Amino acid sequence: MRRPLVAGNWKMHGTRASVAELLDGLARQVLPADVDTAVFPSCVHIAQAVDGLGSMAVGAQDCAVESGQGAFTGEVSASQLLDAGCSMVLVGHSERRLILGDSDEQVVRKFAAAQVVGLLPMLCVGETLEQREAGETLAVVGRQLDSVIDALGVEVFARAVVAYEPVWAIGTGLTASPEQAQDVHAAIRARLAAKDAGVAGALRILYGGSVKAANAAELFGMPDIDGGLVGGASLNADEFGAICRAAGS
């Protein structure tokens with residue numbers, strides 16, 4: 001039985017004051033004991049989140065392709081994130097891929113760098129609206145998965161999480177129907193199962209794309225959806241708490 005995970009990606013939001021208010025609100029939430037929870041603050045607020053949260057894990061939104069320290073101005077390595085108190089890191093988020101130019105090769109290197117130091121990488125995959133309308137969803141997602149499998153082997157997914165985030169549903173208010181999301185999640189699991197059924201069966205695959213309290217229970221009720229990577233709704237403690245509770249129901 002896969003243990004649900006609900007993670008909040010705060011993206012480039014927050015001040016010390018607003019983060020303190022959000023952390024206080026999260027501390028007041030009654031969260032289900034059978035659901036793992038995590039938040040991914042901006043890099044400058046990681047220490048504040050680590051200090052302000054109890055049982056909730058803290059992750060980073062990105063890491064450098066190099067796992068250790070070195071002359072890479074502006075970058076933050078996986079080893080530094082681990083030292084700062086992170087236990088997870090996002091790799092391959094669509095905003096990194098599409099806006100900031102992260103290639104499949106860079107995503108693979110970041111995935112590997114995270115695992116080298118003991119961070120849990122959360123590999124983000126997903127298609128644009130144009131790709132979905134062209135019937136390319138499974139091909140796009142498959143290519144993003146295969147870039148990691150081909151370079152590192154399927155067994156690395158025994159120590160990872162995958163988040164399916166259709167790009168057209170991120171921050172738009174649009175959400176894949178539970179059936180649409182389930183179809184892609186099932187295809188992801190089947191692609192991995194073709195190489196290692198045990199790894200595929202244990203892998204947690206999260207859905208991300210305008211997840212809200214109003215649609216969370218229906219999404220999380222699908223057999224291959226193991227929780228959510230929540231964007232804007234994670235900036236509201238009550239809304240995020242409700243989504244976490246939906247994963248426990």
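In the predicted model, the side chain of N9 approaches the backbone nitrogen of K11 at 3.1 Å. N9 itself belongs to strand 1, which covers residues 5-9. Its relative accessibility is 5%, and N9 is therefore classed as buried. Beyond the residues within four places in sequence, the contacts of N9 comprise F40, Q61, L90, H93, L229, V230, G231 and S234. Of these partners, G231 is situated in the loop that connects strand 8 (227-230) with helix 11 (237-248).

N9, K11 and G231 also appear in the UniProt record, where an unreviewed entry assigns the feature "binding site" to N9, W10, K11, G171, S210, G231 and G232. Although these positions span 224 residues in sequence, no two of their C-alpha atoms are more than 13.7 Å apart, so the annotated residues gather at one spot. From this set, N9 and K11 are included in the lining of the largest pocket.

The largest pocket encloses about 560 Å³ of space. Its lining consists of 21 residues, and those nearest the pocket centre are M12, Q61, D62, R96 and L100. Q61 is also one of the contacts of N9. In terms of residue class, the lining of the largest pocket comprises 11 nonpolar, five polar and five charged residues.

For the second largest pocket, the space amounts to about 260 Å³. Sixteen residues line the second largest pocket, with M1, R2, P4, F220 and I225 nearest its centre. Helix 10 (213-220) and helix 11 are the elements that each supply two or more residues to this lining. The lining of the second largest pocket contains nine nonpolar, three polar and four charged residues.

Key:
Residues numbered from 1 in each chain as written. Predicted model: local features only at pLDDT ≥ 70, side-chain atom pairs only at ≥ 80, totals over all residues. Heavy atoms only, no water. UniProt positions renumbered as here; feature names shortened; annotations may be inferred. 1 Å grid on protein atoms, 1.4 Å probe; cavity = no way out; pocket = protein on both sides within 12 Å on 5 of 7 lines; lining within 4 Å. Helix = DSSP H or I, 4+ residues; strand = E, 2+ residues; numbered from the N terminus. Buried < 20%, exposed > 50% of the residue type's maximum accessible area, 1.4 Å probe, protein only. Contact = heavy atoms within 4.5 Å. Polar contact = N/O pair within 3.5 Å; in protein donor to acceptor, adjacent residues only side chain to side chain. Points joined across faces, edges and corners; volume = space filled by probe spheres on them. Nonpolar A, V, L, I, M, F, W, Y, C, P; charged D, E, K, R; others polar.
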